[in-house]
Amino acid sequence: MNDRAAHSQPHKPPGGWIMHMRWSKLLFMHWPVPIESLRPLIPPGLEIDRFEGQAWLGIVPFLMSNVRPRFVPPMPGFSAFPELNVRTYVTHNAKPGVWFFSLDAASKLAVRGARRLWHLPYFDARMSMQIHEGQIAYRSTRTHKNSNPACLTMKYRPTGPVSFTTPGTLDHFLTNRLNLYSADRAGHIYRGQIHHAPWPLQAAEAQIETNHMTGQIDVRLPDIPPLLHYAERLDVVGWRIQRA
């Protein structure tokens with residue numbers, strides 16, 4: 001089904017959003033992984049979310065742009081940069097969301113701001129995205145001081161028309177997440193809410209040259225091709241995080 005109205009998002013959270021961002025040239029790569037490999041990495045109070053009993057791990061490269069607080073124009077050095085996430089899916093008080101194992105970014109200002117304000121595990125990285133005839137060449141090497149090494153080198157492209165997910169499907173489970181969870185050093189859990197139009201997803205193909213993004217958390221990916229979804233662009237607004 002391609003009718004956007006049939007897949008509209010829930011109502012926006014109360015109060016005004018505080019941050020705008022745009023996600024472009026985004027690729028969801030997902031692998032099924034044993035829940036036992038993830039459980040020690042998730043703080044108490046969060047439950048690993050599963051689809052038909054299976055836990056999933058995602059690696060997501062994309063371009064972050066037009067990042068700005070509400071009523072403030074984009075700022076040089078902060079508003080546009082490549083980003084790379086390693087994530088899984090959790091619930092808290094029946095609210096499904098994303099748990100990030102790491103978020104690498106090519107913006108020192110963004111890394112430090114997100115670490116301080118959102119309690120998210122952002123890391124400095126040397127990153128590049130080059131586009132040629134519709135194919136994205138993506139490279140990321142972590143440079144953050146005293147951090148575990150992590151790198152990704154790959155190429156990817158969309159291969160099909162845009163479609164929208166249906167509730168109850170695996171595609172919807174993996175992509176339609178409007179909450180993120182984080183934890184501070186004391187172990188307190190926080191929840192941030194976002195809002196956006198339905199994901200305009202496309203089938204995709206990928207050539208992965210190097211993928212050393214899960215050694216940092218001692219999780220071994222299965223030796224199978226990942227499940228792929230591509231999105232050309234999505235505009236997102238976010239609310240202030242709160243104690244969950």
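**Exercises: charges, fold and cores**

**Exercise 1.** How many positive and negative side chains does the chain have, and how far apart are the centres of the two sets?

*Solution.* Start with the counts: there are 27 positive and 17 negative side chains. Next, take the centre of each set; these lie 10 Å apart. Keep in mind that this is a predicted model.

**Exercise 2.** Work out how the radius of gyration of the chain stands against the globule rule.

*Solution.* First, list what gets packed: 3 helices and 14 strands. Then compare the values: the radius of gyration is 17 Å, close to the 18 Å the globule rule gives for 244 residues, so the chain is as compact as a globular protein of that length. For a feel of the dimensions, the C-alpha atoms fill a box of roughly 45 × 45 × 40 Å along the principal axes. Finally, check the inside: 51% of the 244 residues are buried, and of the contacts with a separation of 6 or more, 70% join residues 24 or more positions apart.

**Exercise 3.** Find which residues touch the most other members of the largest nonpolar core.

*Solution.* The core has 36 residues, and the ones to pick out are Trp23, Met64, Tyr122 and Trp199. Now see who feeds this core: among the elements giving at least two residues each are β1 (19-33), β3 (55-69), α2 (108-118) and β13 (227-238). Zoom in on Tyr122: leaving out residues up to four places away in sequence, its contacts include Met64, Leu103, Val111 and His144. Last step: don't stop at one core, as another of 34 residues lies apart from it, with Met29, Val90, Met154 and Leu221 among its members.

Definitions and conventions. Residues numbered from 1 in each chain as written. Predicted model: local features only at pLDDT ≥ 70, side-chain atom pairs only at ≥ 80, totals over all residues. Heavy atoms only, no water. Rg over C-alpha atoms; globule rule 2.2 N^0.38 Å. Buried < 20%, exposed > 50% of the residue type's maximum accessible area, 1.4 Å probe, protein only. Contact = heavy atoms within 4.5 Å. Lys, Arg positive; Asp, Glu negative; His and termini not counted. Charge placed at Lys NZ, Arg CZ, Asp CG, Glu CD. Core = buried A, V, L, I, M, F, W, Y, C linked by side-chain atoms within 4.5 Å. Helix = DSSP H or I, 4+ residues; strand = E, 2+ residues; numbered from the N terminus.
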